[in-house]
Structure formats: structure tokens, C-alpha cells
Amino acid sequence: MIAPIKKIAILTSGGDAPGMNAAIRAVVRACTYYSTECIGIYRGYQGLIEGDFKQLTARHVSNIINKGGTILKSARSTEFRTEEGRAKAYKNLKKENIGALIVIGGDGTFTGGLKFIEEYNFPIVGIPGTIDNDIYGTDKTIGYDTALNTVVEAIDKIRDTASSHNRLFFIEVMGRDAGFIALNSGIGAGAEEILIPEHNLGLDRLVDSLNKSKAKGKTSSIVVVSEGDKIGKNVFELADYINQHYPDYDVRVSVLGHMQRGGSPSCYDRVLASRLGVAAVEALLDRSTGVMVGITNGQITTVGLNKAIKMNREINKELLKVAEITSV
């Protein structure tokens, strides 16, 4: 008979996302509810290698549901990519009698977790925490909703100055490999054009669109650019091209950058993180491993970490059509 899990550890890895603290809180309190000890691992996989552990109780996670970032900190760990590093991590887990691990993060986090399972058959469940919303197996990732609201609010403010000075603004948002933030925030903020990696608009089409906007009497325009867009090497190169070839445009660039990661999480992200945190603990106690908990059509679901890593979320083609129609 398999012994019950009495101690579960949790870490956050990769880029931080609003709502991670809410997920940590939910995991700790679910462990308390199910009479299971919870151990916080600081600085992600690097902290796992160095044994940077701390017992967490329900009181340790009071008043963090509204805070951005992660109280457990996050760090990149090249050492965990080595067999020696993972061996140290496993030794530390066994030394502390930890029976399972919850990892919060994105592709890189899940890749590390899956490798650890393959080598040591150690129970691990993943929670998707990334503002990019690019993880297969869940409709939303923790932090995405908050990031969208942050971006839309910023674009609204930039539009005020764009309108006042008759300017064309290129606004770069995060999304090196995925355009979910750009597409949804662009529609929500009424952008004239949206450039994303999954749909190469092409420079000629962009210029044609801007010219049509000007011909229709628009005196200012907003173009939302995902950082991974393929038209130019970067948003500044794109803006320079428009400046050089179309001097009638008064072009400005705004890179929103890491402000998209910060801030108090939205109510949606707090609820989502709470649901996924509880679901992760329950999955481990039910002897699930190698899975990610997510949400599909409003219901908690699980998907194998291998699928979450290898399969790509496709952009919603209906949204592309909506963006084109509403920008006329």
C-alpha cells in the first residue's frame, strides 16, 4: 500500500505573473485543510538545489492574495538543467521528507518538472502562471487577465496624447512567441492595427491600412505590436521605416515592457489562481502526477505536462476577423 503524502512543496519559476501569490495562498491553505504540511521553496529550481526551504502555514500567506509578483521569488537556474543539479534537488527533497511538488510557471518550468519526473519518478503537478496565455490545456493562465487590463489602460492613456498631437503610435507589448496579449488588448483598446507573430500582416498591408485610415479622416492611429511580430526586427525599426517612407506621419514608439507583469491581480486572476491552487493539491493527494491543472469552459481540467509543453495554443481566428472589421 502506497503511503499517503504528508508534505507538499511549492515553487514559482520563470517570469512572475500577477496571481501567483493567490495560487501560493490557495495551495498552503488547501494543504492545511487536508492536514498536509506545506513547504515553500524560494527562488524556484535554484532554491530547490540549494535547499532554500521554509515551512508555510495558513498565517504565513495572510494578506497576499492582492499582491503582485511572488513571495517565493523566482530565478533562472542553469544548474537545474544538469544531471548533477537535479540530483542535488532530489537529495534535498528526500532529506526533508517531501512527498510531492507543485510548480507554478510556464513552458520552461514544466519542462524542468517533466525531466525531474522522468529521472526520479517524483510526483509533480503544474499550475500555469504566465501573462502570455500561451500554455496548451487551459483557456486562461494566471496573470493573463491582469496583464490585459494593464495594457488596455496604458493604451487608453496613450491614445489621449496621440489624439491631441495627431500622432501614430506603435505600442509594443509582451509576447515573443504568442500574440494573445496584443490581439485581445488591441481589440479592447480599439487599435487601428494589431501585429502578432502568428499572423504576418506584411509591411505593404500595414502601410495600406494606415493610408486608408488617413484617407478616411483619422488624424491619429494606434498600432499594437507583439514583441515577436515578424514584420521588422523590432518596433523601433518598424517605426523608422514608416518615418522615412511616409514623412506625413508623426510617429512615436512606446514599449510597455515589464509594467505588464506587475500590479495587483484582477478579481478573475485571484479566483482562477485560488481554484487551480486547490485543484493542484487535490490532484497530488489523489495520486496524479505529471499533469497540469487548468481551466476549460469554466471547469477545472488536467492535461499531461508533455502536452502542455509540446502543443501550441492557436490564436482565435474569429478575433482576427473582429480586429479587421472593427478597425475600419
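Here are some questions and answers about this predicted model.

User: Let's start with the seven-stranded sheet. Which strands sit at its edges?

Analyst: This sheet is open, with mixed pairing, and its strands run in the order S3-S2-S1-S4-S5-S10-S11. An edge strand here pairs on one side only. That gives strand S3 (53–56) and S11.

User: What does the twist of that sheet average from one strand to the next?

Analyst: We're still with the open sheet of seven strands. From one strand to the next, its twist averages 30°.

User: Which residue in S2 stands opposite Ile8?

Analyst: Ile8 falls within strand S1 (residues 7–12), which pairs with strand S2 (residues 37–41). The two run in the parallel sense, over four bridges. Opposite Ile8 in S2 you'll find Cys38.

User: Moving along to S10, what is the bridge partner of Val125 there?

Analyst: Strand S5 (residues 124–128) pairs with S10 in the parallel sense, over two bridges. S10 itself spans residues 291–296 and is mostly covered, with five of its six residues buried. In S10, the partner of Val125 is Val291.

User: Do S10 and S11 pair in the parallel or the antiparallel sense, and over how many bridges?

Analyst: S11 covers residues 299–304, and one facing pair is Thr296 opposite Gln299 in S11. For S10 and S11 the sense is antiparallel, and the count is six bridges.

User: Which residue in the hairpin of S10 and S11 takes a positive phi?

Analyst: The hairpin has two residues between its strands. One residue there has a phi near 50°, and that's Asn297.

User: Now the four-stranded sheet. What is the order of its strands?

Analyst: This one is an open sheet with parallel pairing. Its edges are strand S7 (193–195) and strand S9 (251–255), each pairing on one side only. Neighbouring strands are turned by 20° against each other on average, direction ignored. The order reads S7-S8-S6-S9.

User: What is the bridge partner of Ile194 in S8?

Analyst: S7 and strand S8 (residues 221–226) pair in the parallel sense over three bridges. In S8, Ile194 is partnered by Val224.

User: Two helices lie across strands of this sheet. At about what angle does H8 run to S9?

Analyst: Helix H5 (residues 144–165) lies across strand S6 (168–173), S8 and S9, and runs at about 165° to S6. Helix H8 (residues 235–245) lies across S6, S7, S8 and S9. Its angle to S9 is about 175°.

User: Which residues touch the most other members of the largest nonpolar core?

Analyst: That core has 62 residues. A second, separate core of 25 residues includes Ile49, Phe53, Leu101 and Ile117. Back in the largest one, the residues you want are Ile102, Ile127 and Ile222.

User: Which residues does Ile222 touch, not counting those up to four places away in sequence?

Analyst: Ile222 falls within strand S8 (residues 221–226). Its contacts include Arg159, Glu192 and Glu193. The others on the list are Ile155, Ile158, Ala162, Phe169, Ile171 and Ala191.

User: What is the volume of the largest cavity?

Analyst: Searching the whole structure turns up one cavity of 30 Å³ or more. Eleven residues line the largest cavity, with Val225, Ser226, Asp229, Asn234 and Val235 lying nearest its centre. S8 and H8 each supply at least two residues of that lining. The volume comes to about 70 Å³.

Technical notes. Residues numbered from 1 in each chain as written. Predicted model: local features only at pLDDT ≥ 70, side-chain atom pairs only at ≥ 80, totals over all residues. Heavy atoms only, no water. Pairing = 2+ DSSP bridges. Axes fitted to C-alpha atoms, helices over the stretch in contact; angles between N-to-C directions. Contact = heavy atoms within 4.5 Å. Buried < 20%, exposed > 50% of the residue type's maximum accessible area, 1.4 Å probe, protein only. Core = buried A, V, L, I, M, F, W, Y, C linked by side-chain atoms within 4.5 Å. 1 Å grid on protein atoms, 1.4 Å probe; cavity = no way out; pocket = protein on both sides within 12 Å on 5 of 7 lines; lining within 4 Å. Points joined across faces, edges and corners; volume = space filled by probe spheres on them.
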